[in-house]
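Reader: I'd like a close look at one part of this protein, the way its charged side chains pair up. Could you take me through it and then show me what else is worth a look?

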Amino acid sequence: ARLRRTARDISAMIRARFERVRGKGKIPILWGELGEVLRAALMTLCAGVEAMLSVEPYPLLTLSSPIYVLGDFHGNFADLMFYLSNIVSFGDMRYTACSLLFLGDYVDKGPCSVEVVTYLLALKALAPNRVFLLRGNHETREMKSMFPDSLYTQCIRLFGSRAPEVFEAMHSVFDVMPLAAILDGQVFCVHGGIPRLLADQPDDRMALL
């Protein structure tokens with residue numbers, strides 16, 4: 001009950017804060033003193049969703065239509081809201097006929113990585129059997145950097161000295177996200193394709209399927 005309540009409350013708060021900067025270009029959502037509220041909610045969501053994902057199939061999901069497949073929001077909360085507002089009926093998955101599959105790369109490049117991750121984790125908490133989150137190459141610790149729109153830089157801006165623990169909590173969730181999904185036994189969905197395991201091995205990626 002606490003997880004769902006946190007998910008509902010922080011989702012509504014993020015949407016309200018986003019309205020203050022909507023249409024003003026790619027600028028960060030402003031939190032001010034409410035940054036601690038965001039941090040506490042995100043930590044709760046990370047713990048709860050990590051537990052959910054830990055008991056789900058890994059690394060491959062088997063899903064059925066109807067389902068929308070979305071990918072590469074890269075910290076762009078405006079784009080996320082555009083698609084969800086056109087897909088999710090009345091802003092609530094309970095009234096939506098389809099499921100949602102996200103293909104990863106939720107963070108970096110855009111100004112709202114923390115909000116994108118928080119909102120998607122809240123969606124997962126509220127509709128665990130209808131919302132599915134795959135891991136992209138940016139959902140790894142190796143992508144940590146200090147460029148202006150990186151996830152880690154945004155954590156520092158929002159959470160100050162507590163940034164490392166929030167960053168690590170998010171990556172603990174990323175660690176248990178599945179890597180691929182098959183839809184209706186016919187469509188293979190993955191963030192960036194199937195790499196060769198070693199450069200000197202034959203290109204047998206299709207055999208891996």
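Which side chain meets that of E19 in a salt bridge, and what is the N to O distance?

Author: The side chain you're after belongs to R22, and the N to O distance in its salt bridge with E19 is 2.6 Å. A quick word on the ground rules: this is a predicted model, where local features need pLDDT of at least 70, side-chain atom pairs count only at pLDDT 80 or more, and totals for chains, interfaces and linings use all residues. Residues are numbered from 1 along each chain as its sequence is written, and side-chain values use heavy atoms, with hydrogens and water left out.

"Salt bridge" here means a side-chain nitrogen of Lys or Arg within 4 Å of a carboxyl oxygen of Asp or Glu. Side chains of opposite charge can pair when their charged atoms come close. By that rule, the count for this model comes to 8 salt bridges.

Back to your pair. E19 is partly exposed, with a relative accessible area of 46%, and R22 is partly exposed too, at 46%. (Buried means under 20% relative accessible area, exposed means over 50%, and partly exposed is in between, using a 1.4 Å probe and protein chains only.) R22 sits in the loop between α1 and α2, where helices are DSSP runs of H or I with at least four residues, strands are runs of E with at least two, and both are numbered from the N terminus. The R22 and E19 side chains also make a polar contact at 2.6 Å; that term covers a pair of N or O atoms within 3.5 Å, where within protein one must be able to donate a hydrogen and the other to accept it, and residues adjacent in sequence count only if both atoms are side-chain atoms. Looking further along the chain, R22 and F77 are 55 residues apart in sequence, yet their C-alpha atoms are 9.7 Å apart in space.

Now for another pair: R94 forms a salt bridge with D92, and the closest N and O atoms are 2.6 Å apart. Here the two partners have contrasting surroundings. R94 is exposed at 62% relative accessibility, while D92 is buried at 19%.

Next come D175 and R135, whose side chains meet in a salt bridge at 3.0 Å, N to O. D175 lies in helix α6 (residues 163-175) and R135 in the loop between β4 (131-133) and α5 (151-159), so this pair ties together parts that are 40 residues apart in sequence. D175 is partly exposed at 29%, whereas R135 is buried at 17%. Both belong to a network of salt bridges that links R135, R141, E168 and D175.

Some charges gather without a partner. R2, R4, R5 and R8 form a patch of positive charge on the surface; one of them, R5, is in helix α1 (residues 2-19) and is partly exposed at 42%.

A buried polar side chain is worth a stop too. Q154 is in helix α5 and is buried, with just 2% relative accessible area. Its side chain reaches the backbone oxygen of G110 at 2.7 Å.

For a buried nonpolar residue, try L45 in helix α2, which has a relative accessible area of 0%. The C-alpha atoms of L45 and V117 are separated by 9.9 Å, although the two are 72 residues apart along the chain.

Finally, a few backbone oddities to click on. The peptide bond from Y58 to P59 is cis, with omega near 5°, and P59 is in the loop between α2 (35-54) and β1 (60-63). S65 and P66 are also joined by a cis peptide bond, with omega about 5°; P66 is in the loop between β1 and β2 (67-70). Then there's K109, a residue other than glycine with a positive phi, near 80°. K109 is in the loop between β3 (99-102) and α4 (113-126) and is exposed at 54%. D184, likewise not a glycine, has a positive phi near 55°. You'll find D184 in the loop between β5 (180-183) and β6 (187-190), partly exposed at 40%.

Definitions and conventions: Patches are made of residues with over 30% relative accessible area and no salt bridge: like charges are joined within 9 Å, nonpolar side chains (Val, Leu, Ile, Met, Phe, Trp, Tyr) within 5 Å. Accessible areas come from the Shrake-Rupley method with a 1.4 Å probe; for residues, only the protein chains shown count as cover. Lys and Arg count as positive and Asp and Glu as negative; His and the chain ends are not counted. The place of a charge is taken as NZ of Lys, CZ of Arg, CG of Asp or CD of Glu.
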